[in-house]
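Please describe the sheets, the aromatic pairs and the surface features of this protein chain. A report in running text with one small table would suit.

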Amino acid sequence: MTSLISWLDTADDSFDSSLTRLLAVQKAQTDGVDAVVRDIVRTIERDGDSGLLRLTGELDRFQPASADELELKDFRRQLHKIPNDVREALEVSAGRIRHYHAHQKLESWEIEEADGTVLGQRVTPLERVGIYVPGGKAAYPSSVLMNAIPAKVAGVDEIIMVVPAPGGEVESVVLAAAAIAGVDRVFRIGGAQAVAALAYGTETIPAVDKIVGPGNMYVARAKAMVFGRVGIDMIAGPSEILIVSDGSAHPDWMAMDLFSQAEHDELAQAILLSPDQVFINAVATSIAKMLPTLERADIVRKALSHRGALIKVRDLDEAFALVNRIAPEHLEIALNDATQWLDKVRHAGAIFLGNYSPEALGDYCAGPNHVLPTSGTARFSSPLGVYDFQKRSSVIACSPEGSATLASVAGRLADSEGLGAHARSARFRAAE
């Protein structure tokens with residue numbers, strides 16, 4: 001055994017309670033965060049650019065002279081400042097993301113009834129979308145591609161990107177990704193104040209219809225507070241990976257796949273399910289062997305010790321019952337016959353089939369979106385997609401005959417609800 005990660009066994013009487021504790025996100029004290037974020041949001045709503053600049057100076061350690069917009073030519077120029085192999089990788093990834101998401105686009109439709117009444121659905125893109133791209137601790141060009149490209153495929157008119165710039169610097173690779181993805185405007189503004197600026201608008205930053213993209217706790221709470229004023233994608237929690245393995249993959253592969261999500265932050269979750277105790281032991285050995293070699297070893301060690309687990313299950317049927325209970329963000333089905341088990345999965349954000357489909361490929365370039373539901377919300381929500389940037393309007397065009405027929409039904413229902421004006425409105429045309 002190793003103290004690096006929890007060991008659980010479904011045969012133990014304490015398993016259920018142990019799993020419940022493991023799955024509970026260790027929430028920080030959100031009351032204090034909410035109070036800070038609420039003040040920030042109110043400041044931006046009240047003061048606009050002046051509040052935005054003041055907060056940027058206080059929180060991001062640089063004082064822009066205005067709501068700091070980069071010229072379009074400036075971030076397109078970054079394409080030539082990054083290494084050629086990185087630019088090529090971004091372009092390949094963007095092409096695959098664009099190709100995949102093109103299949104998600106919803107189309108308008110209509111049907112005509114026998115009396116000439118036409119019913120339909122009109123699908124239109126959002127006009128303006130804001131994407132939040134994390135910055136400061138690391139650069140996330142993949143986040144730019146995954147958030148902006150589906151919006152472009154949907155036909156969004158304008159994409160506004162905000163990205164924090166501690167000390168005034170934004171990584172060239174992030175700006176290059178913005179150019180490749182077709183972002184229209186970029187502001188070097190971050191934090192809860194950037195979210196509020198996108199929601200309410202300032203003298204410089206236009207208000208948007210929807211805000212998407214990951215961020216820290218302050219960004220997440222700001223998105224929650226402005227929801228209703230604008231749409232949001234989701235409130236994302238810590239990253240998660242759940243692996244179901246029959247022992248057919250190399251244990252080093254499984255250990256590194258667990259690391260790939262644990263390195264995001266100390267609250268990330270990495271879990272392996274297997275009916276093979278010998279294989280679980282081998283994975284534990286691989287974890288102990290390879291952990292010291294990682295660039296973010298301290299973060300991985302904390303994540304594994306707090307929320308990681310190696311779980312012995314009785315069989316694969318039990319493993320997939322646990323999959324649906326956990327509803328993970330990322331699910332790897334590392335089995336020789338992985339496809340045969342796909343129908344067992346009801347709840348998962350993204351599913352990676354077979355021993356040659358590591359989750360890391362999905363983070364960057366496989367094609368499907370890496371913005372996924374976390375913390376069990378895969379039970380009722382889906383990955384970010386083109387459909388998140390389209391809205392649907394119902395279309396009703398009644399013929400005279402259809403109007404008369406429907407008036408009879410609508411009138412009786414309106415009468416039953418005591419809504420006389422509804423009933424009379426429905427019947428007026430029929431009387432004519």
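The report below covers the sheets, then the aromatic pairs, then single residues and a surface patch.

The model is predicted.

**The parallel sheet**

Six strands, in the order S1-S12-S11-S10-S13-S14, make up an open sheet with parallel pairing. Its edges are strand S1 (6–9) and S14; each has a single partner strand, so one side of each is left without a neighbour in the sheet. On average, neighbouring strands of this sheet are turned by 15° against each other, direction ignored. As a general point, strands of a sheet pair through backbone hydrogen bonds, either parallel or antiparallel.

Two of the pairings can be followed in detail. Strand S10 (residues 240–245) runs parallel to S13 and is joined to S13 by five bridges. Here Val244 is placed opposite Ile333 in S13. On to the edge, S13 and S14 are paired by four bridges, again in the parallel sense. His330 has Ala350 in S14 as its bridge partner.

Ala350 also belongs to one of the two faces of S14. The covered face of S14 carries Ala350 and Phe352, while Ile351 and Leu353 are on the uncovered face.

**The mixed sheet**

A further open sheet has six strands in the order S2-S7-S6-S5-S8-S9, and its pairing is mixed. Strand S2 (69–70) and strand S9 (231–232) are the edge strands, each pairing on one side only. Within this sheet, strand S6 (residues 158–162) and strand S7 (residues 185–187) run parallel and are joined by three bridges. Met161 has Val186 in S7 opposite to it.

**Aromatic pairs**

How many aromatic pairs does the structure hold? There are two aromatic pairs, and the table gives their geometry.

| Pair | Arrangement | Centre to centre | Angle between planes |
|---|---|---|---|
| Trp253 and Tyr356 | edge-to-face | 5.4 Å | 70° |
| Phe320 and Trp341 | stacked | 5.2 Å | 10° |

The pair of Trp253 and Tyr356 links distant parts of the chain, 103 residues apart. Trp253 belongs to helix H10 (residues 251–262), and Tyr356 to the loop between strand S14 (350–353) and H14. Trp253 counts as partly exposed because its relative accessibility is 36%. Tyr356 has a relative accessible area of 69% and is therefore exposed.

The pair of Phe320 and Trp341 also links distant parts of the chain, with the two positions 21 residues apart in sequence. Phe320 is in helix H13, and Trp341 is in the loop between S13 and S14. Are these two residues buried or exposed? Both Phe320 and Trp341 are buried.

**Positive phi angles**

Most residues other than glycine have a negative phi. Two loop residues are described here for their positive values.

Ala327 has a phi near 50°, which is positive in a residue other than glycine. Ala327 is in the loop between helix H13 (316–326) and strand S13 (330–334). With a relative accessibility of 0%, Ala327 is classed as buried, because the cut-off for that class is under 20%.

Ser375 is not a glycine either, and its phi is positive at about 55°. This residue lies in the loop between helix H14 (359–364) and strand S15 (390–397). Why does Ser375 count as partly exposed? Its relative accessible area is 39%, and partly exposed applies between the limits of 20% and 50%.

**Surface patch and a long-range approach**

Which residues form a nonpolar patch on the surface? The patch consists of Val36, Met217 and Tyr218, which together have about 240 Å² of accessible area. Met217 is part of helix H9 (residues 217–226). Because its relative accessibility is 32%, Met217 counts as partly exposed.

Arg42 is located in helix H2 (residues 30–47). At a relative accessibility of 48%, Arg42 is also in the partly exposed class. In sequence, Arg42 and Gln193 are 151 residues apart; in space, their C-alpha atoms are 9.4 Å apart.

Conventions. Residues are numbered from 1 along each chain as its sequence is written. This is a predicted model: local features need pLDDT of at least 70, side-chain atom pairs count only at pLDDT 80 or more; totals for chains, interfaces and linings use all residues. Side-chain values use heavy atoms; hydrogens and water are left out. Patches are made of residues with over 30% relative accessible area and no salt bridge: like charges are joined within 9 Å, nonpolar side chains (Val, Leu, Ile, Met, Phe, Trp, Tyr) within 5 Å. Accessible areas come from the Shrake-Rupley method with a 1.4 Å probe; for residues, only the protein chains shown count as cover. A salt bridge is a side-chain nitrogen of Lys or Arg within 4 Å of a carboxyl oxygen of Asp or Glu. Buried means under 20% relative accessible area, exposed over 50%, partly exposed in between (1.4 Å probe, protein chains only). Rings of Phe, Tyr and Trp (its six-membered ring) pair if their centres lie within 6.5 Å; planes under 30 degrees apart count as stacked, over 60 as edge-to-face and the rest as tilted. Two strands pair if DSSP finds at least two bridges between them. Axes are lines fitted to C-alpha atoms, for helices over the stretch in contact, and angles run from 0 to 180 degrees between N-to-C directions.
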